[in-house]
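Q: Please take a close look at the packing of helices in this protein. Kindly set it in the context of the whole fold and explain each step for a beginner.

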Amino acid sequence: MIKGRAMQPILMVDDDKDDCMMTEKALRKNRVINPILFLSDGEELIDYLKRKGKYSDPNTSHRPCFILLDLNMPKMDGRKALLLVKSDPEFKNIPLVVLSTSSAEEDILRSYNLGANSFITKPVNFEGLVAMMESLKHYWLEIVELPPETGKETP
């Protein structure tokens, strides 16, 4: 088991390779040292969290410190993945940030109703992405206190 948030992976679930590459660069520019794992759709996210298939080894499939989730992806989209993650007692306490090109009120409201911890519209340029990743790093990796990994609900 990995100790400390600095060693927990950040999961980015997005089928756009350019967005993934730019996000990784923005995180590294902000000196984020966490491993960053890129998953291409909701099915792969669920497989990772449930340690299925190529993610079955618990020594390489560590619980993420937070998840960045796109909404529009093939196979299983982000909305369905969000519902599955947040309805599972084992995973619902993992912070999940929807990171989408959408700024539609319907997408924002639905994401929060499904349990998203935050909804952020993807910035249009790299400088905006760097600034946003600095805020995410500061909040999710330095400020917030997260519950221990138990997988059990408390009354």
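A: Among the contacts between residues at least 6 apart in sequence, 66% join residues at least 24 apart. The model examined here is a predicted one. As for burial, 45% of the 155 residues of the protein count as buried.

The protein contains five helices and five strands. Read from the N terminus, these elements follow the order β-α-β-α-β-α-β-α-β-α. The radius of gyration of the protein is 15 Å, close to the 15 Å given by the globule rule for 155 residues, so the protein is as compact as a globular protein of that length. The C-alpha trace spans about 40 × 35 × 35 Å along its principal axes.

Against this background, the helix pairs may be considered in turn. Two packed helices are described by the angle between their axes and by the distance between those axes.

In one pair, helix α1 (residues 17-29) meets helix α5 (residues 126-143): their axes come within 8 Å and cross at roughly 55°. This angle makes α1 oblique to α5, because roughly parallel helices require an angle under 35 degrees and roughly perpendicular ones an angle of 65 to 115. The crossing of α1 past α5 is right-handed. On the side of α1, the residues in contact are M22, T23, K25, A26, L27 and K29, and on the side of α5 they are F126, L129, V130 and M133. By class, the residues of this contact comprise seven nonpolar, one polar and two charged.

A further pair is formed by helix α2 (residues 42-49) and helix α3 (residues 78-86), whose axes lie 9 Å apart and make an angle of about 20°. The two helices, α2 and α3, are therefore roughly parallel to each other, since angles under 35 degrees count as such. The crossing of α2 and α3 is right-handed. Here G42, L45, I46 and L49 of α2 meet A81, L84 and V85 of α3. The contact of α2 with α3 has six nonpolar residues, one polar residue and no charged residues.

Both descriptions may now be placed side by side. The contact of α1 with α5 includes two charged residues, whereas that of α2 with α3 has none. In orientation, α1 is oblique to α5, while α2 and α3 are roughly parallel. In handedness, the crossing of α1 and α5 is right-handed, and so is the crossing of α2 and α3.

How values were computed. Residues numbered from 1 in each chain as written. Predicted model: local features only at pLDDT ≥ 70, side-chain atom pairs only at ≥ 80, totals over all residues. Heavy atoms only, no water. Axes fitted to C-alpha atoms, helices over the stretch in contact; angles between N-to-C directions. Helix = DSSP H or I, 4+ residues; strand = E, 2+ residues; numbered from the N terminus. Parallel < 35°, antiparallel > 145°, perpendicular 65-115°, else oblique. Left-handed = near helix turned anticlockwise from the far one by under 90°. Contact = heavy atoms within 4.5 Å. Nonpolar A, V, L, I, M, F, W, Y, C, P; charged D, E, K, R; others polar. Rg over C-alpha atoms; globule rule 2.2 N^0.38 Å. Buried < 20%, exposed > 50% of the residue type's maximum accessible area, 1.4 Å probe, protein only.
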